[in-house]
Every structure is written in structure tokens, then in C-alpha cells.
Amino acid sequence: MDQETTGTAAETVTAAERADPVIAERAGLVIDEPAAPVIDERAELVLAEPTTPVILDALELAADPERAARFAAAAHRILAELVAGGAALGWVAPPAPEEVAGLLEGVVAAAGAGDAGLRAAYLGRRLVGLGYWQRYARPTHRPHADLEKIAVDAAAHGRGVGRALTTALIEDARTAGIEVLTLDARGDNTRALRLYTALGFTEYGRLPDFVAVGERRYDKVFCMLDFRGGPRLARSRVRGSRR
């Protein structure tokens, strides 16, 4: 039988007795209690978050006062962090909070008039993405709209947020009677371009080395999603005439 000599009195205590806290205490043994588990609160919050994003439109967002009050600040955080990391969102430097707030205020107003679509993606109560389209201002282009921005928090990449946002915005445009939904993307944004292709967009043009970011140059890629359907020849498209 295994034995252990402890204490100055050299008292002999068996292993079984040592496992008994009462006997061990009488024998003068010091029993180390197991260390309390270290809880990573941030990891716990991530694990507790829903894995499927909830996609809200402008009306649903406005119906939640808490979310609506925090939307502009949360959107600015996402946009500023993405731009600082080199994301192609139309800014060279992170935008100011006031610029983002003004931009979103205009989109929300346009959405109320039927001239825009806004979507916000949430995991629990945390904003993790946003996107919007707006009708063209030119009178001859009013039947059409441009998908201007899709932005997803870097911490939420890989959860299908970008696909869910884009899909919802496409359906909003279709429901609003938009005829052609356009977008443009930087040529190196291959992940986004693959997503747009998978959702039905087709490339209709490209300007080589058009986007300038410091000394670097990137293609500007133009894509479109035509909701009209039917034979193209049925539409009146004047390309030129001869007499």
C-alpha cells in the first residue's frame, strides 16, 4: 500500500486517508482546492449569441427604440473599422460619426418615400452589418436603383451576414418595382464579386486601374441585376437611326 510521510511528526497517512478531507486535516495535511475556472466573458458572449442573423428593414428598426437610438453609432463603428482595415467602401480614411449619421438619415428618409431600401443585420442585440440601395436621382434613370453599400463587421465574417443582407435588399428592390439594380465593386474584392454573381448579378463593364488608393490602382467593376424579364427586343431601346 502506498504511504506518505508528512509533517514534522512523521505521521504515516495512507493515500486513501489523504483523500478524506477530515482525516487529512487531522493529519496536518494542506489540501489544495481546485482553482476556480477562468471565464472569458467575451468568449462567453460570442458563444451565447445566436448564429443566424436577424435582418431588419427600416420600419422594423424604427419600431425598436433602443436599436434605432444606437444604430448610427454602431454603424459608424463597423464602417470606420472596415475602412481602417482597407475595405473598399468608398472612403480612403475612416468617416466621421457625423458623416455616417447624416448619410443614414438620408437613406432612412428615402426609404420612407419608397426611394431606398435599408437593411440592418443583428446577432442578438449587436449590429453586425448593414446595407442599402437608392433610386437614381436622374429622371430618366428613376426606374432603377444602385446597391450602394454592404458592410459586415469583421468579427461576424463567415456567418452568412453579407449573403443575408444582399438577398433581403434584392427582394426589397424587386418588391419596390425597381427594374434594374446596379452596383459597382473594387476589382480586388473577389469575395463580394463571387457573392453577387451567385445571387444573379452579371458584370456589364469594367474600368481598368480606375480606383485610386494612395499609389495603388484597382479596377472598378460594374454589375447589374435585371428584374424585368421577357425578351429584350420587346423594349424600346434607341441605339441610333438611319434615314
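This briefing describes the sheet, the helices packed on it, and selected side-chain pairs. The structure is a predicted model. Its open sheet has seven strands, and helix 5 and helix 8 each lie across several of them. Among the side chains, the count comes to 16 salt bridges and two aromatic pairs.

**The sheet**

- The seven strands of the open sheet follow the order 3-4-5-6-7-9-8, and their pairing is mixed.
- Strand 3 (54-57) and strand 8 stand at the edges; each has a single partner strand, so one side of each lacks a neighbour in the sheet.
- On average, neighbouring strands of this sheet are turned by 25 degrees against each other, with direction ignored.
- Strand 7 (residues 180-186) pairs with strand 9 in the antiparallel sense, over seven bridges.
- Valine 180 has aspartate 226 in strand 9 as its bridge partner.

**Helices across the sheet**

- Helix 5 (residues 65-84) lies across strand 3, strand 4 (116-123), strand 5 (126-135) and strand 6 (145-152).
- The direction of helix 5 is at about 90 degrees to strand 5.
- Helix 8 (residues 190-198) lies across strand 6, strand 7 and strand 9.
- Helix 8 runs at about 160 degrees to strand 7.

**Salt bridges around helix 5**

- Aspartate 64 and arginine 67 meet through their side chains in a salt bridge, with 3.3 Å from N to O.
- Aspartate 64 has a relative accessible area of 15%, so this residue counts as buried.
- Arginine 67 is also buried, with a relative accessible area of 13%.
- Glutamate 66 forms a salt bridge with arginine 125, and the closest N and O atoms are 3.1 Å apart.
- Because glutamate 66 lies in helix 5 and arginine 125 in the loop between strand 4 and strand 5, the pair ties together parts that are 59 residues apart in sequence.
- Both ends of this bridge are partly exposed: glutamate 66 has a relative accessibility of 41%, and arginine 125 has a relative accessible area of 45%.
- Arginine 77 and glutamate 81 form a salt bridge as well, at 3.7 Å from N to O.
- These two residues, arginine 77 and glutamate 81, both lie in helix 5 and are four residues apart, about one turn of the helix.
- Arginine 77 is partly exposed, with a relative accessible area of 30%.
- Asp64, Glu66, Arg67, Arg70 and Arg125 are joined into one network by salt bridges that share partners.

**Aromatic rings**

- A pair of aromatic rings is described by the distance of the centres and the angle of the planes.
- Two aromatic pairs are counted in the model.
- Tyrosine 196 and phenylalanine 201 form an edge-to-face pair, 5.9 Å centre to centre, with 65 degrees between the planes.
- Both tyrosine 196 and phenylalanine 201 are buried.
- Tyrosine 204 and phenylalanine 222 form a tilted pair, 5.9 Å centre to centre, with 45 degrees between the planes.
- This second pair links distant parts of the chain: tyrosine 204 is in strand 8 (residues 202-213) and phenylalanine 222 is in strand 9 (residues 216-226), 18 residues apart.
- Tyrosine 204 has a relative accessible area of 46%, so this residue counts as partly exposed.

**Charges over rings**

- Arginine 67 has its charged end over the ring of tyrosine 122, at 4.4 Å from the ring's centre.
- Arginine 186 lies over the face of tyrosine 218, and the distance to the ring centre is 4.3 Å.

**Two residues of strand 8**

- Threonine 202 is found in strand 8 and is partly exposed, at 44% relative accessibility.
- Beyond its neighbours within four places in sequence, threonine 202 is in contact with Phe222, Cys223 and Met224.
- Threonine 202 and aspartate 226 are 24 residues apart along the chain, and their C-alpha atoms are separated by 9.0 Å.
- Aspartate 209 is also found in strand 8, and at 52% relative accessibility aspartate 209 counts as exposed.
- Most residues other than glycine have a negative phi.
- Aspartate 209 is not a glycine, yet its phi is positive, at about 50 degrees.

Definitions and conventions. Residues numbered from 1 in each chain as written. Predicted model: local features only at pLDDT ≥ 70, side-chain atom pairs only at ≥ 80, totals over all residues. Heavy atoms only, no water. Phe/Tyr/Trp six-rings, centres within 6.5 Å; stacked < 30°, edge-to-face > 60°. Buried < 20%, exposed > 50% of the residue type's maximum accessible area, 1.4 Å probe, protein only. Lys NZ or Arg CZ within 6 Å of the ring centre and 35° of its normal. Pairing = 2+ DSSP bridges. Axes fitted to C-alpha atoms, helices over the stretch in contact; angles between N-to-C directions. Contact = heavy atoms within 4.5 Å. Salt bridge = Lys/Arg side-chain N within 4 Å of Asp/Glu carboxyl O.
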